[in-house]
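The following text walks through a ligand site, going from the space around the ligand to the contacts at single atoms.

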Amino acid sequence: MANVKPLFMGELIQDFQKALVSLDKIKADALFQQALLSHSPIEVVEQFVVPALEQIGRQWSEGSIALSQIYMSGRFCEKLVEQVLPSCDPDRKHQPRQAIVVLNDYHMLGMRIIFSVMRASGFELFNYGRMDVVELVERVIADKLKILLISVLMLPSALKVRELRTVLDTRGINVKILVGGAPFQFDPNLWQEIGADAMGRSAADAVTIVQRWAGEME
Ligand code: B12
């Protein structure tokens with residue numbers, strides 16, 4: 001971040017967001033590459049792509065753009081992110097068994113980012129994709145998980161974590177749950193209310209929290 005003035009980054013985000021909304025992939029790609037000249041891939045994802053998509057989300061809730069524009073923006077950003085975040089690191093560590101999942105909803109981009117960054121940081125974890133509570137409980141048990149990362153972007157999906165925790169408790173399964181996504185950013189107490197062990201706002205938080213838990217479990 002050191003080389004670029006915040007104002008410049010802000011302008012770049014505005015232009016990127018406009019290019020996405022007008023479905024101008026060539027311009028969006030060029031701006032993304034420009035941001036990469038002065039920022040690391042994860043900085044570009046978290047400080048450039050995420051704010052642009054959040055602005056697009058706000059425009060949609062105000063009624064100024066269509067759902068199809070959000071959808072195409074999200075899909076295109078997924079492709080850009082896939083290009084720059086490596087899916088694995090040669091120096092994998094042995095850690096507690098862990099997985100990441102999108103619970104119930106269809107917002108997949110945040111989960112993909114967390115998964116890529118965790119793997120790039122040397123963590124090995126299962127990617128369950130999208131699951132509902134019933135399927136997830138069986139996988140947690142079958143895979144003998146110690147840590148479960150859950151991404152949700154809709155409030156009803158966030159509330160499903162409470163149901164998951166209750167079923168796991170009933171079956172005597174002890175697994176640490178780390179949650180993240182928009183509902184937890186909107187309501188900072190929500191993660192505790194639904195029975196999670198921690199909440200993270202970013203991929204960097206996911207790495208820090210899992211590292212801490214892994215250390216405690218050694
Ligand atoms: C793109 C988008 C879509 C795309 C998704 C495309 C895709 N393939 O993912 C499409 C168009 C499909 C979509 C559909 C809908 N959407 Co939508 N969508 C968004 C939008 C604009 C951006 C989401 C996104 O991809 N952000 C970029 C990613 C990278 O950010 P992120 O997921 O937040 O992840 C970061 C952090 O949260 C964190 N994180 C995420 N997960 C985790 C997990 C862990 C463990 C940790 C530590 C951290 C972490 O780290 C990530 C990287 O920094 C948001 C707006 C917003 N403010 O989030 C609305 C939003 C999530 N959508 C919303 C809604 C309502 C819908 C729809 C119901 C709309 C409709 N009427 O049909 C549908 C429902 C689909 C469904 N059933 O799931 C609402 C949810 C409101 C609520 N309180 O429930 C939002 C908040 C918009 C709004 N302001 O109203 N959406």
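In this predicted model, the ligand takes up the space of the largest pocket. Six elements are listed as giving two or more residues to the shell around the ligand: the helices α3 (41-61), α4 (67-84), α5 (109-120) and α8 (182-186), and the strands β3 (147-151) and β4 (176-180). With seven residues, α3 gives the most to this shell.

The shell can also be read by domain. Domain 1 (6-84) and domain 2 (98-217) each supply at least three residues to the shell around the ligand. By residue class, 20 of the shell residues are nonpolar, ten are polar and five are charged. Of the 35 residues around the ligand, the nearest are Glu-78, Tyr-106, His-107, Ser-151 and Leu-155.

Next comes the metal. Which residue is the protein donor of the cobalt atom of the ligand? His-107 is the only one, and its NE2 atom lies at 2.3 Å from the cobalt. In the chain, His-107 is placed in the loop between β1 (98-103) and α5. The side chain of His-107 also has an N or O atom 2.8 Å from a nitrogen atom of the ligand.

Two further contacts involve oxygen atoms of the ligand. At Leu-155 the partner belongs to the backbone: one of its N or O atoms is 2.9 Å from a ligand oxygen. At Gln-185 the partner belongs to the side chain, where an N or O atom is 3.1 Å from an oxygen atom of the ligand.

Definitions and conventions
Residues numbered from 1 in each chain as written. Predicted model: local features only at pLDDT ≥ 70, side-chain atom pairs only at ≥ 80, totals over all residues. Heavy atoms only, no water. Near = heavy atom within 4 Å. Polar contact = N/O pair within 3.5 Å; in protein donor to acceptor, adjacent residues only side chain to side chain. 1 Å grid on protein atoms, 1.4 Å probe; cavity = no way out; pocket = protein on both sides within 12 Å on 5 of 7 lines; lining within 4 Å. Sits in = over half its atoms within 2 Å of the grid points. Helix = DSSP H or I, 4+ residues; strand = E, 2+ residues; numbered from the N terminus. Nonpolar A, V, L, I, M, F, W, Y, C, P; charged D, E, K, R; others polar. Domains from an automatic or database assignment. Donors = N, O, S within 2.8 Å, 3.2 Å for Na, K, Ca; no water.
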